[in-house]
Every structure is written in structure tokens, then in C-alpha cells.
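Colleague: Could you walk me through this model? I have a few questions about how it is put together.

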Amino acid sequence: MIKTLTKKMKRQLRDILVAAVVFLVGILLPKFMYVNGNIKLVIFLIAYIAIGRDIVKKAGKNILSGQIFDENFLMSIATIGAFLIGDYAEGVTVMLFYQVGEFFQNYAVERSRNSITELMDIYPEYANLKEGDTIRQIDPDEAEIGNIIVIKPGEKVPLDCKVLKGSTTLDTKALTGESVPREVEVGDTLISGCINLNGVVEAEVLKEFGESTVSKILDLVENATSKKAEAENFITKFAKYYTPVVVMSAALLAVIPSLIFGEWSTWIYRALSFLVISCPCALVISVPLSFFGGIGGASKFGVLIKGSNYLEALAQTEIAVFDKTGTLTKGTFRVKEIKNNKLYSEDELIEYAAYVESYSNHPIAEALMNAYGKEIDSTKVQNVEEIAGHGVKATIDGNEVYAGNNKLMRKLNLDFEEMTVAGTMVHIAINGEYAGCIIIADQVKEDSKLAIDSLKKAGVKQIVMLTGDSKLAGEAVAKELGIDTVYTELLPSDKVDKVEELFSKKSDSGKLVFVGDGINDAPVLARADIGIAMGGLGSDAAIEAADVVIMTDEPSKIAKAIRLSKKTLGIVKQNIVFAIGIKIFVLVLAAIGFASMWAAIFADVGVSVIAILNAMRALKIEK
Amino acid sequence: MKKIFILEDLDCANCAAKIENGINELDCVNKASVTFMTKKLVLEADEDKMDKAIEEATKIVKKIEPDVVMKAK
């Protein structure tokens, strides 16, 4: 515990201990021997000076600079007042109790600061700049585009860069929450903030530090709380009225009953308790702290939330709209089905298809090549000919092979089964005979089904999918995932219109969330209440366009973020109710004379500490 | 231009808000924001007024929280 204390807190702790010891002497001494009243005063004064000198000094300074009625002033008045009416012990204990409370409050704040900065422990301290044969450590800020840097095992990647020499694996956990390391080799881009696990690599700097991923992410998380949530605005407004109202009541409480009943000292004492309770600190600290904790907690599992307002809004998600390609599906094509006939085996069909398409770099050709999985011997392929709008023709090992769509088969007058499927069909004809067909489709992400299910469980009323794809392909994916509403064959501009339409259907308090890959759906991301972009790692466009960025490709993290948002809001509400509740309760007790100055200090500092500890729960995330 | 400072020993959220409001009222400052959790002060001012803005901001910090030390980052 001692290690995490700041200099100021260590001093505070020392003062508390000294004052506590002297105070005990003052209390116990009279029990053993006769102590003269003046000696008693001196002992308690020593304790008071040890514990309260800073407060009194600060109160004096603040009055000189025109700030009356701050905590320091109130504590000074209350305790000096106690001394004046001869209650020395009360004067010291009140101050002591207040300082202990302050100490715990500072400790709690410091702890939460530490755990939040630990989360963001991605800040690189240095970069190893290579100049000729020498390597020199520099500040990442000093590196320029085109510089060569060396990254050793255990070091953080300081800037976004491209590998020139060597290969290694990277730990991206701090950025994505993903525990599987990522392999990189020559030509790959390294993202700053990742940790190099084993190999030494030389890399060329692609972006200056200020533009690198790590500084963008840090900037984003650190400044996220400047976009205030409604709950925070409520607190600011509340504090604006609360403090003056309590101070006014204190003044009335001091004067009116005294004029009626007399007993000025009793009523003034009660009024002073009022003033001590008047600080709205517990609320002013704990509400933003909860949001900060929530944003920090989300970044722990690879979700960047750009403002407290978005974290707050996520809890009210009513309609979730997904873009299909790249969001729910991988956006990469794979062979899904092979329909061969008696003439050729499945493997042979794939082999011919891969060879005939081997000169193309279309995604379909890539899918075939991947399915084949072996090296293409290009000497076997001759006379490649593209038949526009139909397919390809080539001679492979002396066999004449055609690969293409329905139109191509009809043109060749072949007998084949015409069908419509969710995906792209590649028919193959070999030596003038129909050989079968290969169905290639985009793949649904492993995680998508879970994403949709958990969103429904989290209370999202309607889930909608938008896609530019064919009706057949779109509906197949929707059915597989259990999505209620699908709009297919949309042009990019239609997507905005559809979102507008959905807006008119949702309730006033509900929020509409749009999830896309951030590449060409910026207008929709902007129009939605909350725009969420997937796969943010390495995509500046996504980070810039969206309100919430999911660093990995897992849509299931949206539901996780919604649950975190609900939890955070729960904590905020607990704190608001708890802090205001206790304060009003103690105010009433103080007015009717049942609350001592101790209770008043508890209502001030004690409540703050409890609220801060509660707020820190937002940082803890489910596994 | 923009400059970032760390407010060391900033331990009261209410004071952080007061400091932010105070600095924002300065004529030489375009915009200021204080984040209590990160103890960061971001000060925006025109280049020729920056020195004056820093000086005035330091005064305000001293006035509201005498314990806080403002350090350039």
C-alpha cells in the first residue's frame, strides 16, 4: 500500500499518525493523573496543529483570494468553534476524522487512476533507431517516416511500421483483448502498442508517432470522458442548486430557531454540520469515475468507446442494424459445396477449376486456389482466354477446360442443372462435357450467431441486416443467424434511407445502433445514434468514423459492451441514490439535533469513499 | 496551438472543474479542458499568446489549489 502513495499522501498519513498519538495522550493522561486545564489545551492544540494546520492555512488563503465556503473554511470554522466553546477533544477528532476520510478518498482516487493507466499500458517509452550500423534509443516522438527501427523481444512496437527483416509473433492483447498471438513476417505491417514476443525485427516507420495507432487509441480513451453523459450533466446541474440550497438552509437554521428558542450555540453547531454535508464531492467524483471505469473496462476487451455519452446510450439499444459483408460475414469467399458427377472426383474438379482460374486475381479465383491448396504448376496451363461476362477457358494438360456461369454453359450447349443458390456458382466443363459445379460463398463468422443471440438476450428488441447482396444470399445468412428483418439488394445510399425508416419505428428513449466495417458506410455510421465499426485494428477510417470501435472481428463484443454499459449505469444510479440519500438523511438528523459533526463528515467524505469504491466496479469485466 | 500539462497532486474533482472554468474565462485562452482522472490540462491558445496563457493559467491553478503543481508534459 505504502508504495502507491504520492508524496502528499505520505505527508498526510504522517500528520494523521502524529495527531492521533498526541490526541490519545490528551485523552488518557487525565485518567492517570491530575491535568491542569491549560496543559490539556496545549496538548490538544499540538494535535490540532499537527492535523489541521494545512486546512486552516488553505482556508485563510482561499478567503484572501475571494473563495469563501469551501470545505477547508467549513472545517476550520467547525473545529475552531469547538475549541472556543471548550470542547477541545471534539475539535481535534472532527479534524482528524475529516483528514482520515480525505486520505482514504485520495487513496481510492489514486488507486483507480493507477488501475486505469495500467490498462492503457501500451505507451511505448522509446524506439531503437538504426543509423548505419549503430542503434540509438530515441523518443518515439522524434522518429520520422522512413526511419529504420529495430524491435527486440519484449519491447513494444513504438510506431506503426512495416517489417523489412526478420519475423516474429506479436501479442496484441493490450489492443484487442485477443490472447492468440499474431504472426508477422517481412512485408507485414506492425501496429504500435503490440508487444514483440520472440524475434528481432527491423522495420520501416510508416507513420509519425502522433498519427500512429497507439497514440490515437490513448488519445481516444483518455479524452473519451470529455464527451459527457446525461447522468453527468444531471450531476453538474444538481450540484449547482444543491450547494447554495444547503448553505442557505444552514444560515436559516442558525438564525431562526435561535431567535425563537435561544440556545444560539446549539443551532450554530447544527448549521455548521449542514455546511460540512453541503459538498457534492461524492457525486462529482464518482459519476465520471464510473464512466471512466466503464470505458477503461471496455478497452480491456478490445472495445473503444469514444465518449461517456455513447457508453450511456448503449444500455438503451432498441434496434441493432448490421451490415452483412465484413461484419457478420468474413467478406472472404470460400468453396462451400462441390457438385461433381460420375466423370470426375471432387478433388479433380477443384484441381481443374484452380488451374483454369490461376491467372485471375478475382476473389472467386482466390477461393478456388485456397481450396486446391497446392502449388500451381504454370507450365501445365496454356491458351488462357477470358470470355467476358461468362467465364474462362484454358487448356490444362492437353484438356480443354471451361469454367463459368449458367450463361457460359448455355452458350456451350451443355446439359446441366440450372439452379439458384446463395452464392456464386462456377460450372466446369472438360473436353466438351459437363463436369459439375462448385459453389462459392462468403462465410458467416464463427462468432456471429453468438453475437445475435446474446444481443437478443441483452434485450435488444429488433435486429436488422442490410446488404447489397442478392435476396437469396442475404436471406440465407439471416436465417442461419436468426435475424428478424433483412433488406437486400441495397445500394449504399439505400442504406441511409432504410436506417431513417427504422428510426421512425423506434421509441423515443430507445437507441438505434448501426454496425459496419467502417470502410464505405460512414454516412450510416454517422446517422445512427451509435455507429459501431468492426475490425478497428489497423483501420484508421474505422476508428475515425465510428463512435464505438471494436478492435477485433468479433461482433459478439457488442452485446458484451451493452452489458457493461448497463452495469456502469447501474453503478451510477446506485451512487446517485446512495450519496443523495445519505446526505439528505444526515441533513435531517443534523437539523433535529441527532447527528454530530462526525456523522456530517461521514456524509461528506465517507460517502465519497464508498461511492468511489463502488465506481471502480465498472472497471472489472466479465471473463 | 495546443499544449498539455500534468496537474500534479490534483485530488479534488470539484476543484478540477473550477480550474477548468477559471482558465476558460481567460481572454488569451481559446479552449482549456481538465480531465480529473488523468490529471491532464489541455490548453489551446494562439501561438503569440501561449506564453501569457501559460502564465495566467498557472496563476489560476495556484489560486484554486495551492498544492497543485502544473508541469509541462
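Modeller: Happy to; below we take the domains, then a helix pair, then the contact between the chains, bearing in mind that the model is predicted.

Colleague: Which domains of chain A are made of two segments?

Modeller: Chain A has domain 1 (1–119), domain 2 (127–208) and domain 5 (341–441). The others are written as two ranges: 227–302 + 559–623 and 305–329 + 445–551. Those ranges belong to domain 3 and domain 4.

Colleague: And how many Å separate the centres of domain 2 and domain 5 of chain A?

Modeller: The centres are taken over C-alpha atoms. On that basis the separation is 42 Å.

Colleague: Are H1(A) and H2(A) roughly parallel or antiparallel?

Modeller: Helix H1 (residues 7–32) and helix H2 (residues 37–64) of chain A have axes that come within 8 Å and cross at roughly 165°. Angles over 145 degrees count as roughly antiparallel. Therefore H1(A) and H2(A) are roughly antiparallel.

Colleague: Which residue class has 12 members in the contact of H1(A) with H2(A)?

Modeller: The crossing is left-handed. Residues making the contact include A:Val18, A:Val22 and A:Phe23 of H1(A), and A:Ile43, A:Phe44 and A:Ala47 of H2(A). Besides 1 polar and 2 charged residues, the contact has 12 that are nonpolar.

Colleague: How many charged residues are on the side of chain B that touches chain A?

Modeller: The contact takes 18 residues from chain A and 13 from chain B. On the chain B side, helix H1 (13–24) and strand E2 (31–35) each supply at least two residues. By class, that side has 4 nonpolar and 4 polar residues, and the number charged is 5.

Technical notes: Residues are numbered from 1 along each chain as its sequence is written. Chains are lettered from A and ligands numbered from 1 in the order in which they are written. This is a predicted model: local features need pLDDT of at least 70, side-chain atom pairs count only at pLDDT 80 or more; totals for chains, interfaces and linings use all residues. Two residues are in contact if their C-beta atoms, placed from the backbone, lie within 7 Å. Helices (H or I, at least four residues) and strands (E, at least two) are DSSP runs, numbered from the N terminus. Ala, Val, Leu, Ile, Met, Phe, Trp, Tyr, Cys and Pro count as nonpolar, Asp, Glu, Lys and Arg as charged, and the others, Gly among them, as polar. Domain bounds come from an automatic or database domain assignment. Axes are lines fitted to C-alpha atoms, for helices over the stretch in contact, and angles run from 0 to 180 degrees between N-to-C directions. Angles under 35 degrees count as roughly parallel, over 145 as roughly antiparallel, 65 to 115 as roughly perpendicular and the rest as oblique. A crossing is left-handed if the near helix is turned anticlockwise from the far one by less than a right angle, and right-handed if clockwise.
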